[in-house]
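Me: Please look at the model below. I will ask short questions and want the reasoning before each result.

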Amino acid sequence: MRAAYRAGDLVPGLPAADGSRAGPGELLDDVAAGQLLWVAEEEGRVVGTVRAVRPAPRVWEVRRLAVDPACRRSGAARALLRRLEAEARARGVRRVVLDAVVERGNPPFYARVGYRAVRHFPAGDKPLSEVHMERDPREAAAPVPHAAAPAGPGLLVEWRAARGGTVCRPRLLTGAASVRTLGGALGADHWPAAGAAELALVRETLLKEGRAAGDGEVFFDRPASRVDAFRVPREAHPGLLAWWRGPAVRHQSPAGG
């Protein structure tokens, strides 16, 4: 579990994940309290684990889903979730829920396995952004378009890869809107209910790292993973939530193409 959480971030330099420092005591306390634990094995070796916390009679919460970094993309994480959901269904559970950190790049995986975003909120102990997600285990699992979640009124910052670097475009939304996933899209940030004053603050921060481009855009001559405003937007402005991050961030070349 510790290895999985230490190696799991989408971009380098984020605050350490709680799971990267967890010890056996945490796991034993959960089991002693009656929480449920599953492990995935490959040729007799444990390669993954997940727990279910039961905060209410018909609600289960996914806790500490972790897969050995050497076994990523093996299907172990999906299999662990499906096993948890099958047990939840058998026990009459109506909702399986979880909180995922946006900057770590975890929500897209959960969306692919059927979890929908319910609300975005600031993490309480770190300058990061989280999204509460859930699904009904009685329903067939189908991918959910997480990146197209409604953003609503406020300030939107859209990020995309460009030739030679990264481009972002901050703009105000005056009504309900959706964040669109376009070619080269890397992610988006949202400051709920923000106005012109907040837009000016964000543009000022962005221009400290990049330079003005056409159509209100800001250009950075490096990958998004090396742009502070992209990595942890709440460090500059606590109200600016990382709304979604896409896996394309991992594959953006050093030159940004």
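**Backbone, core and rings**

Me: Is Arg 64 buried or exposed?
Reply: The relative accessibility of Arg 64 is 18%. Buried means under 20% relative accessible area, exposed over 50% and partly exposed in between (1.4 Å probe, protein chains only). Arg 64 therefore counts as buried.

Me: What are the ground rules for these values?
Reply: This is a predicted model, in which local features need pLDDT of at least 70 and side-chain atom pairs pLDDT 80 or more, while totals for chains, interfaces and linings use all residues. Residues are numbered from 1 along each chain as its sequence is written, and side-chain values use heavy atoms, leaving out hydrogens and water.

Me: What is the phi of Arg 64?
Reply: Arg 64 sits in strand β3 (strands are DSSP E runs of at least two residues, helices H or I runs of at least four, numbered from the N terminus). Its phi is positive although the residue is not glycine, with a value near 55 degrees.

Me: Where does Ala 193 lie, and is it buried or exposed?
Reply: Ala 193 is another residue other than glycine with a positive phi, about 65 degrees. Its place is the loop between β9 (185-192) and α5 (196-209). The relative accessible area of Ala 193 is 69%, so the residue is exposed.

Me: How far apart are the C-alpha atoms of Ala 140 and Gly 114?
Reply: Ala 140 belongs to the loop between β6 and β7 (154-162). With 75% relative accessibility, Ala 140 is exposed. Along the chain Ala 140 and Gly 114 are 26 residues apart, and their C-alpha atoms are separated by 8.3 Å.

Me: Which element gives the largest share of the largest nonpolar core?
Reply: A nonpolar core joins buried Ala, Val, Leu, Ile, Met, Phe, Trp, Tyr and Cys residues through side-chain atoms within 4.5 Å. The largest one has 29 residues, with Val 62 and Tyr 115 touching the most other members. At least two residues each come from β1 (36-42), β2 (45-56), β3, α3, β4, α4 and β6 (129-135). The largest share, six residues, is that of α3.

Me: How many residues are in the second core?
Reply: This core is separate from the largest one. Its members include Leu 14, Ala 123, Leu 186 and Ala 229. The count is 25 residues.

Me: Which residues does Tyr 115 touch?
Reply: Contact means heavy atoms within 4.5 Å, and residues up to four places away in sequence are not counted here. Among those that Tyr 115 touches are the charged-named Glu 85, Glu 134 and Arg 135. The others are Val 62, Leu 81, Val 96, Leu 98, Tyr 110, Met 133 and Val 144.

Me: Why is the pair of Trp 38 and Trp 60 tilted?
Reply: Rings of Phe, Tyr and Trp (its six-membered ring) pair if their centres lie within 6.5 Å; planes under 30 degrees apart are stacked, over 60 edge-to-face and the rest tilted. Trp 38 in strand β1 and Trp 60 in strand β3 are 22 residues apart, so this pair links distant parts of the chain, and both residues are buried. Their ring centres are 6.5 Å apart, and the pair is tilted because the planes stand at 40 degrees.

Me: Which residues do ring pairs link into a cluster?
Reply: The search of the whole structure finds five aromatic pairs. Ring pairs make a cluster of Phe 109, Tyr 110 and Tyr 115.
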